[in-house]
Amino acid sequence: MTATEVGAAELDLARHTAESRGTENIDFAVADVHALDFADATYDVTHAHQVLQHVSDPVQALREMGRVTKPGGIVAVRDSDYSAFAWWPRVPELDEWMELYQAAARANGGE
């Protein structure tokens, strides 16, 4: 199993979490989901959790995930659609948070 993160600090956190749980079967690598440094058809499954909403080109990210997945393998993604979030009763502070979150995501190249 290989876990990737966008930077060294994030990867250190993932490594620490795995070690604290006694998990030893993970390789760790800093990687850009838009240009993964893995050979074609390397993995049976690729999975991204809460990633696509933060990247500038989610379609390219999916292409890369597909490229490194073996034929017949699985590309799995789980993300939130923040623009579809709803709550009741309406709370003005949550509405303001949503506006700020979406503005920050767009400013960072995500959506």
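**Exercise 1. Work out which elements make the β-α-β units, and how their strands pair.**

Start with the unit further along: β3, helix α2 (residues 58-67) and β4 form a right-handed β-α-β unit. Right-handed here means that, with the strands pointing away from you, the path from the first strand over the helix to the second runs clockwise. The helices and strands are DSSP runs numbered from the N terminus, with helices being H or I of at least four residues and strands E of at least two.

A quick word on the model: it is predicted, so local features need pLDDT of at least 70 and side-chain atom pairs count only at pLDDT 80 or more, while totals for chains, interfaces and linings use all residues. Residues are numbered from 1 along each chain as its sequence is written, and side-chain values use heavy atoms, with hydrogens and water left out.

Next, look at the strands. β3 and strand β4 (residues 69-78) run parallel and are joined by six bridges; two strands count as paired if DSSP finds at least two bridges between them. To find your place, take Thr 46, whose bridge partner in β4 is Val 75.

Now do it again with the other unit. β1, α1 and β2 also give a right-handed β-α-β unit. Here β1 and strand β2 (residues 27-30) pair in the parallel sense over four bridges, and Glu 5 has Val 30 as its bridge partner in β2.

**Exercise 2. Describe the largest pocket and its lining.**

First, the volume: the largest pocket holds about 1100 Å³ of space. A pocket is an open set of points on a 1 Å grid over the protein atoms alone, where a 1.4 Å probe fits, with protein on both sides within 12 Å along at least five of seven lines; lining residues have an atom within 4 Å of a point. The grid points are joined across faces, edges and corners, and the volume is the space filled by probe spheres set on them.

Second, the residues. There are 30 in the lining, and Ala 3, Thr 4, His 47, Ala 48 and Val 51 are the closest to the pocket's centre.

Third, the elements: β1 (2-5), α1 (8-20) and β3 (43-49) each supply at least two lining residues. The largest share, seven residues, comes from β3.

Finally, sort by class, and you get 17 nonpolar, nine polar and four charged residues. Ala, Val, Leu, Ile, Met, Phe, Trp, Tyr, Cys and Pro count as nonpolar, Asp, Glu, Lys and Arg as charged, and the others, Gly among them, as polar.

**Exercise 3. Find the aromatic pairs and classify the one between Phe 38 and Tyr 43.**

Searching the whole structure turns up five aromatic pairs. The ring centres of Phe 38 and Tyr 43 are 5.5 Å apart and the planes sit at 85 degrees, so this pair is edge-to-face. The cut-offs: rings of Phe, Tyr and Trp (its six-membered ring) pair if their centres lie within 6.5 Å, with planes under 30 degrees apart stacked, over 60 edge-to-face and the rest tilted. Elsewhere, ring pairs link Tyr 82, Phe 85, Trp 97 and Tyr 101 into a cluster.

**Exercise 4. Track down the unusual backbone spots.**

Begin with the background: most residues other than glycine have a negative phi, and most peptide bonds are trans.

Then check the loops. Ala 41, in the loop between β2 and β3, has a positive phi of about 55 degrees. Gln 50, in the loop between β3 and α2, has a positive phi of about 60 degrees.

Last, the peptide bond between Trp 88 and Pro 89 is cis, with omega about 0 degrees. Pro 89 sits in the loop between β4 and α3 (92-107).
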